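Me: Hi! I'm new to this one and would like a friendly tour. Could you put it up so we can look together?

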Amino acid sequence: MLRLPKFEVEKPTTVDETVALLSEKTGDVMIIAGGTDLMPNMKHELFTPKKLVSLAGVSALFGIREEAGALVIGAMTPLDQVANHPLVAERAPALAQAAGLVAGPQLRRMGTLGGNVMLDTRCQWYNQTYFWRKSLGFCLKKDGSACHVIEGGSKCVAAASNDTAPALMSLDAKLTFANADGQRELLLDDLWKSDGIFNKKVPPSDLLTEIRLPQREVKHLGAYGKLRDRGSIDFPLFGVAVRIDIDANDVVVDAEAVSVALQARPTRIRKFGESLVGTTLGSPEFEKGVQAAASLGHKQCRPMPNVPGDHEYRHAMVPVYLKRTILAAAAGAGPVHAV
Amino acid sequence: MSARDNHGTAPPWGDEFQVIGKRHRKVDGLAKATGQAVYTDDIALPGMLHAKTLRSPHAHARILSIDTTRAEALPGVHAVITGASMPIKYGVIPWTPDENALATDRVRFIGDEVAAVAAVDEDTANAAIELIDVEYEPLYSYTDPNESLERHDPAIHEGNKHGNVSKHVELEFGDVEGALDGADVVVENDFFFHGSTHTAIEPHCAVAQWSQDTSAEGLLTVWSSTQISHYVHRALARVLELPETRIRVIQPNLGGAFGGKSDPFSLEFCVAKLSMLTGRPVKMLWTREEIFYAHRGRHPMHMHYRSGATSDGKLVGSDAKILIDGGSYSSFGLVTTYYSGQLLTGPVDIPNYRFNSTRVFTNKPPCGPKRGHGSVQPRFAFEIQLDELACALDIDPIDFRRKNWQGEHTKTVNGQRITSNGFMTCLDEAERESQWKERRGKLADGRGLGVAGSMYISGTNYPIYPNDMPQAGIQIKVDRSGLVTIFTGGNDIGQGSNSVVAYLVAEELGVEVADVRVVAADTDLCPVDLGAYSSRVTFMVGNAAIDAARKLRKQVVESVAKHWEIAEAGIRMGGGVVLDLADAERTMGVREAFQLAEADHDTLGSTGSYNTPELGGDYRGGTIGASPAYSFTAHVAEVTVDRETGRITCDEVWVAHDCGRALNPMLVAGQMEGSVYMGVAEALLEEHDVNRFGLHSGPSLLDYRIPTTLDTPKINSLIVESVDPEGPYGAKEAGEGPLHSVIPAISNAVYDAVGIRLRHLPFTPAKVLRALAELESDQTVEQS
């Protein structure tokens, strides 16, 4: 069995205590939420923090509630609760579906929504043991200067691999972070930067406390599609969340799609709504619009050999999964995945 | 074969079996389910040290120097060893000893063992590993087996007179060219079977204790998660230069093996040597990553097959050329090379047959035996060709196999003796249960049914190292308490061999299974058995167990007859009770009967053994693959192919398997289900390979995709009992045969579903999409 490097654990019970601990020595201190990603990463010596600050006892970070029309989810809420909560299913079906497809049942009981949002980027050349990485030659993301995804590449292209991020972005989610100076709110879209080494603009010393889904004025439909080899466990090889806003006559008034597992950040498919807006769900025009939207996705989404598997096949699956996810959303169904 | 090896197939008492043929728990089932069972890693001895291995970061390199000074100086480190500590080479096949416990002068794949450290704990050992300074001179490395065939400089094994060729076998039976010239239909294709590994849930682990308590010369005890303690015993003696009498090998409970624990491994030698050097017990537990490097899994095979049939549906011949990618060491490779050709000659008769197999070395983790050793790959190619011939001749593929069935009590073209053969019943069962006739060709687009068949050995008469001693031995002790204790060298690797010997002896002695204890796989306590491989244990150890039990039974019956003053034939034993058949009132417990026998015959004990009859063809290699009995299997697979994503879902599998007699139908069904699971995994998901850097492409259970329960088809196990004349009560193997033909059955089902022939494994969605696109463009060309 791989050994965990040695570390200490702090167990604060309040947000104030937590942010105080996190401000101690950046780099040597890390947050542990569910730990389902951090523990293997520590065993692989990708992170060797001297101290972990456990959020397990910070009760303010748990729970799902409605607040002035918004749906607010505490960062420590386990993924299986997000996946199965009636409020989430009703208000954010794409999120419920995405949360329900993260990893497997045991990991969803431990893993948290906040942890999934803040997930480290992944790469087949990076998420490996120390021995393996050393034998290969260390890479840009950790300990080295080479890129094995793009030969000669100088920018890390490790992939954002969090299923819930595109679903949250499709719903215009806002995040609340706390640090020693207080709290601030950030649109999830503004969290990211296109850097596989660390794909967030917020420093790791800031604590994500809650995720807020604003009240939507218009009725919407949503679904999540996930490409992976097996029916469970695996990280996405491609993921896409779709939101379709409709009026009382089922006419599309707006639509968004957000993809993940392609590059360092989840990305909105540009002009996605244009081919669907104005069509009536289920009409021939809508079907045509779906094809056009799928083609648009195929043009914009360019998988790289950063995560395991055949990247050309992943590219071929972009329009298929996009189309199926739109149709699933329109039908009030989903998620779209194998098995 | 002597009389002792043949015990008949009838129940020992009356007309019905009392234990055999009924569902029983495994004797160790509850202990395993409740966590009480002790596995190698559960062993903790006073003062025990922990050992770790330094591995090569190069695919192929010469070792120029190793400096262990800094590691030795680290506080907590007790000993550091290198190849120089154990320079004697070994190999599981005595003719090809090309392995060292630690590399002496060169490393041959990324992960090859270079040095080992024993320290007070795992973290200190890991830290010390990083302090060993090794200077390497990288050498040209081979990842393509075709290159190893052509290029021999540098040789991966210097001194090998065939360059980078590990083994070459060419055999022809009959006149293949003549037969194919006369065929009405000939199919000819390339096939590729990829590498896969075992993924037993228990990692390899070994513990050694060097003790001088019992003798001045010292005694080495090694606990190891091996499936062949006898060969580990022999290899330890050779490499450590100790007499075998000074070594004791014990196999604790084992969490799966599937062939992956058949070789002697570096860790067994290292813990032994480190214990001898430090005088302390030493444990080494491999990480999952290290197990992927140790590998010994399924050999990738590049195969070219040509088969022909006449218009009336008779197969006339088959011709195979096979290139086997062996990885870096020989392991069982000599046998693999023979098996790649020798095990194909049933259940379908091949009147003219030829194979030309070459195993080469490459700088990759070494391949070895995995469930269905050497024969799963050719079976895949051949059964697809049978399907193609049947289609070309417009004959139902099940009927085509029926027409070409070899029959029972016959000989194969390569001289193997076939005894019982239930293949026709297997076909009938699979056909009926899958509703083949009603449904095939009538399913919705994208759904299909496919069939394939196979055979496998129940052990072979090739004992790895030549000797005339029994292949299996058993001792039984019975005493006045009523307890029966069986001592067997057989390795229970989870397949339930300890349970099987308990059922057999309970049946013979008329006792309850609960009153039988099994002591297994301890070289100090148990008679020699050659181990759990080649599906030999039920057949061979089972026969030895009946042999030993029958001798004891004779003594017990004699004493009871004398006591009751009746004829021996008037006595029946069963369920722990002895009955007088003529007097329903007169009974006694077996405990009392054992006491009568102990008084009459003194302390009670017996031995039993098994050896194979003279078998095999009269030519070099003719005994490799010669088995006292063969199992037969037919699979029908149902698949759904998603034309848009290329994804194949295997929805349901019907597996009909002729196991001779099901000693415990629950265990037989378990083996059949496990085999189907593993076969489906190889067909659709698993791939053990190295990347362009020669590095394993993902040595973890996240990246190496084995199916979850969601990815596993519904499995229908259909047990067929042909009752073999020489098996224990008629039993044959069930652990490996039921894997083989599910893979070609899936390929044949995909053809039925969407019209593409998948000849290159694994059947990834990308390959399916490419094949569908090719089919479409072919059809477009035809139409235009």
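Me: Thanks! How many residues of domain 1 of chain B are in contact with domain 3 of chain B?
Reply: This is a predicted model, and in it 19 residues of domain 1 of chain B are in contact with 20 residues of domain 3 of chain B.

Me: Which elements give two or more residues to the domain 1 side?
Reply: Those are helix H14 (497-509) and helix H15, both of chain B. H15(B) gives the most, with 5 residues.

Me: What classes do the residues on that side fall into?
Reply: The domain 1 side has 12 polar residues, 6 nonpolar and 1 charged.

Me: Where do the domains run in the sequence?
Reply: In the domain assignment of chain B, domain 1 covers 3-37 + 470-610, domain 2 covers 40-139 + 203-254 + 261-294, and domain 3 covers 375-452 + 629-783. The C-alpha centres of domains 1 and 3 of chain B are 37 Å apart.

Me: Switching topic: how many residues do chains A and B use to touch each other?
Reply: Chain B has 26 residues in contact with 23 residues of chain A. On the chain B side, helix H3 (122-129) and helix H20 (765-783) each supply at least two residues. That side of chain B is made up of 12 nonpolar, 9 charged and 5 polar residues.

Me: What about the inside? Which residues touch the most other members of the largest nonpolar core?
Reply: That core has 227 residues, and the ones touching the most other members include B:Ala51, B:Val271, B:Ile486 and B:Val750. Helix H15 (residues 537-564) of chain B gives the most to this core, with 13 residues. There is also a second, separate core of 105 residues, with A:Leu38 and A:Phe286 among them.

Me: And what does B:Val750 touch?
Reply: Leaving out residues up to four places away in sequence, B:Val750 touches B:Gly448, B:Val639, B:Val641, B:Ile648, B:Ile756 and B:Leu758.

Me: Now sheets. What is the strand order in the open one of 5 strands?
Reply: In chain B the order is S7-S15-S14-S13-S8, with mixed pairing. The twist from one strand to the next averages 5°.

Me: Why do S7 and S8 of chain B each have a side without a neighbour?
Reply: Strand S7 (165-173) and strand S8 (185-193) of chain B are at the edges and have a single partner strand each, so one side of each has no neighbour in the sheet.

Me: How does S8(B) pair with S13(B)?
Reply: S8(B) pairs with strand S13 (residues 301-309) of chain B in the antiparallel sense, over 9 bridges. For B:Val186, the bridge partner in S13(B) is B:Gly308.

Key
Residues are numbered from 1 along each chain as its sequence is written. Chains are lettered from A and ligands numbered from 1 in the order in which they are written. This is a predicted model: local features need pLDDT of at least 70, side-chain atom pairs count only at pLDDT 80 or more; totals for chains, interfaces and linings use all residues. Two residues are in contact if their C-beta atoms, placed from the backbone, lie within 7 Å. Helices (H or I, at least four residues) and strands (E, at least two) are DSSP runs, numbered from the N terminus. Ala, Val, Leu, Ile, Met, Phe, Trp, Tyr, Cys and Pro count as nonpolar, Asp, Glu, Lys and Arg as charged, and the others, Gly among them, as polar. A nonpolar core is a set of buried Ala, Val, Leu, Ile, Met, Phe, Trp, Tyr and Cys residues joined through C-beta atoms within 7 Å. A residue is buried if 20 or more other C-beta atoms lie within 10 Å of its own, exposed if 12 or fewer, and partly exposed in between; C-beta atoms are placed from the backbone. Two strands pair if DSSP finds at least two bridges between them. Axes are lines fitted to C-alpha atoms, for helices over the stretch in contact, and angles run from 0 to 180 degrees between N-to-C directions. Domain bounds come from an automatic or database domain assignment.
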